[in-house]
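Here is my note on the model, set out as numbered points. Please keep the structure in view while reading them.

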Amino acid sequence: MRENEIERRLAVSVKKMGGMAVKFTSPGLDGVPDRIVLLPGRKIAFVELKAPGKKPRPLQEKRMRQLMSLGFPVYVIDGVEQIGGVLDDIENSV
C-alpha cells in the first residue's frame, strides 16, 4: 500500500469523527509532519505518514522531537491498521 492511500484513509476516518486532517506544509521549515489532526473537544496532534515499513528521515525525527518538546502529540503511521488506534489515542487524550 502506498503512503498516499494511508493518508487518504486517515483523512476519511478523521472526517467521520467530525474532525479535520489538515495537510501541513511550512515553507522555510522542512521536515514537518504531513497532517495536523483536529478533533472535537480541542484535540490536536501531528501525524507523519509513511509507506509500510518506511521510517521518518532524520530531519523529520528532529521536527517531531521539537513538537513533542512543546507538548504536542506526534504519531507516525505506516499502515492503515494503525489509524484507529492513533485516533482513539488522540480522542482520549487530556
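**Notes on the sheet and its helix**

1. Strands β2 and β3 form a hairpin with 3 residues between them, and in that turn G41 has a positive phi of about 85 degrees. Helices (H or I, at least four residues) and strands (E, at least two) are DSSP runs, numbered from the N terminus, and two strands pair if DSSP finds at least two bridges between them.

2. Please bear in mind that this is a predicted model, in which local features need pLDDT of at least 70 and side-chain atom pairs count only at pLDDT 80 or more, while totals for chains, interfaces and linings use all residues. Residues are numbered from 1 along each chain as its sequence is written, and side-chain values use heavy atoms, with hydrogens and water left out.

3. The hairpin belongs to an open sheet of 4 strands in the order β1-β2-β3-β4, with mixed pairing. Because β1 (20-23) and β4 (74-77) stand at the edges and each has a single partner strand, one side of each is left without a neighbour in the sheet. From one strand to the next, the twist averages 30 degrees (axes are lines fitted to C-alpha atoms, for helices over the stretch in contact, and angles run from 0 to 180 degrees between N-to-C directions).

4. The pairings can be followed across the sheet. Strands β1 and β2 (residues 35-39) run antiparallel and are joined by 4 bridges, with V22 having I36 as its bridge partner in β2. Strands β2 and β3 are also antiparallel, over 5 bridges, and here I36 stands opposite F46 in β3. By contrast, β3 and β4 pair in the parallel sense over 4 bridges, where F46 stands opposite V74 in β4.

5. Is β3 enclosed or open? Of its 7 residues 6 are buried, so β3 is largely enclosed by the rest of the structure; buried means under 20% relative accessible area, exposed over 50%, and partly exposed in between (1.4 Å probe, protein chains only).

6. Helix α2 (residues 58-69) lies across β3 (43-49) and β4, running at about 145 degrees to β4. The buried residues of α2 are Q60, R63, M64 and L67. They cover an arc of only 100 degrees around the axis, which puts them on the same side of α2 (the arc is that of the directions from the helix axis to the C-beta atoms). On the other side of α2, P58 and S69 are exposed. What covers the buried residues includes β3 and β4, contact meaning heavy atoms within 4.5 Å.
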